Amino acid sequence: MYHFIINPYSSSGKGQRYWRTVKDILDREGVSYTPYFSNNEGHASELASQICADVKGVKNIVVMGGDGTLNEVLNGLSETNDILLGYIPCGSSNDLARNLNIPRDPAEALAHILKPVKFKYLDYGVIDFHDTDKEQRRFIGSSGIGFDAEVCADVQASGLKRKLNKYGLGKLVYIFIALRKLARIKLTDAVVITDGVKRTSYKRVMFISSMIHRYEGGGMMMAPNADPSDGLLSVCLVHGLSKLKVLLLLPTVFLGKHTNFKGVETFNCASIDITTSHETAVHTDGEVAAFCSHITVSCVSGHI
């Protein structure tokens, strides 16, 4: 039995269109399945929790939506040991699909799920928020505090993404808003503690991204060397740069060449504690989870 969690509204209705294609194949091949449709923000988490409570033994859960829908499902799982997770990308950014080379064609992606030739155990990340009442949040691909999360906040508040999604250009909104946000972003100082041992202070921090996979934000290769199965976060920290230099840096992120800039630090760790000098946005898989100034990010190894 396959349990499909579908976001029919993802990328201006692409989820609904792709589901019709998938349903036709399932019916034609006589595959046993149950569909669950998410209707609003947070509903996919509730559906995942419901499946975990109602189904005994191994649960085959297939997510149809964007990175945000997949993040909701991950946060709704009461446990991960008995979960086989499949993904058919229907979003505008589809960074996880890009990271894992999952086909964009729904029929091809479904074929990988129904007749898999291999299984891969993936890490996921966890964020604890220390100066807010927000609950712990998981992420499967990326997280960040500072500029990248502030961009995500503006994207969520803007209607531009929905408009561009109609033309298949939704991921361009991140570029437009990033350029606009750069002009007025307030930089922060930060104290960073890695693996509970090494303590470093930074001035004029633009952002600190803690990555499980390489890509975020619609194809930005934030962590070129990230390995989703090594039990480590791949951190990208940008500090001490003028806004002009950041403007020059931004296009290079799509090729993973930003790491050549002075003021861009990359390193791996199992956990990172971050305290900023003022409250700023924090995102998980492109969705803003909180506004705060003290978080701890850690990696959970091989549980997905």
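A residue is called buried here when its relative accessible area is under 20%, exposed when that value is over 50%, and partly exposed in between. With that meaning in place, this report describes a predicted model, first as a whole and then through some of its helices and strands.

**The whole protein**

The secondary structure of the protein consists of 9 helices and 15 strands. Its radius of gyration is 19 Å, close to the 19 Å that the globule rule gives for 304 residues, so the protein is as compact as a globular protein of that length. Measured out along the principal axes, the C-alpha trace spans about 60 × 40 × 35 Å.

Of the 304 residues in the protein, 56% are buried. Among the contacts with a separation of 6 or more, 70% are made by residues 24 or more positions apart. The area that the protein exposes comes to about 13,900 Å², and carbon and sulfur atoms supply 51% of it. As for charge, the protein carries 33 positive and 31 negative charges, and the mean positions of these two groups lie 8 Å apart.

**Helices α1, α2 and α3**

Helix α1 covers residues 10-29, and its buried residues are S10, S11, G13, K14, G15, Y18, W19, V22, I25 and L26. An α-helix has 3.6 residues a turn, so residues three or four places apart point the same way. In α1, the buried residues Y18, V22 and I25 can be read with that spacing in mind. Just after the helix, G30 takes a positive phi of about 70°.

Helix α2 takes in residues 43-54, and H43 has its place there. Because the relative accessible area of H43 is 15%, and buried means under 20%, H43 counts as buried. Once its neighbours within four places in sequence are left aside, H43 is in contact with F37, S38 and E72. One of these partners, E72, is among the buried residues of helix α3.

Helix α3, made of residues 67-76, is mostly covered, with 9 of its 10 residues buried. The buried residues are D67, G68, T69, L70, N71, E72, V73, L74 and G76. G76 is also 33 residues from H43 in sequence, while the C-alpha atoms of G76 and H43 are 9.2 Å apart in space.

**Strands β7 and β8**

Strand β7 (residues 142-146) is mostly covered, since 5 of its 5 residues are buried. This strand pairs with β9 and with β14, as the table sets out.

| Partner of β7 | Sense | Bridges | One bridge pair |
|---|---|---|---|
| β9 (residues 198-211) | antiparallel | 5 | G146 and F207 |
| β14 (residues 271-284) | antiparallel | 3 | S143 and T284 |

In a regular strand the side chains alternate between the two faces of the sheet.

Strand β8 (residues 188-194) contains A190, and this residue counts as buried at 3% relative accessibility. Leaving aside the neighbours within four places in sequence, A190 is in contact with T200, S201, Y202, V205, I208, T275 and T276. Among these partners, T200 and I208 fall within the residues 198-211 of β9, and T275 and T276 fall within the residues 271-284 of β14. A190 and C90 are 100 residues apart along the chain, and their C-alpha atoms are separated by 36 Å.

Notes: Residues are numbered from 1 along each chain as its sequence is written. This is a predicted model: local features need pLDDT of at least 70, side-chain atom pairs count only at pLDDT 80 or more; totals for chains, interfaces and linings use all residues. Side-chain values use heavy atoms; hydrogens and water are left out. Helices (H or I, at least four residues) and strands (E, at least two) are DSSP runs, numbered from the N terminus. The radius of gyration is taken over C-alpha atoms; the globule rule is 2.2 Å times the number of residues to the power 0.38. Buried means under 20% relative accessible area, exposed over 50%, partly exposed in between (1.4 Å probe, protein chains only). Contact means heavy atoms within 4.5 Å. Accessible areas come from the Shrake-Rupley method with a 1.4 Å probe; for residues, only the protein chains shown count as cover. Lys and Arg count as positive and Asp and Glu as negative; His and the chain ends are not counted. The place of a charge is taken as NZ of Lys, CZ of Arg, CG of Asp or CD of Glu. Two strands pair if DSSP finds at least two bridges between them.
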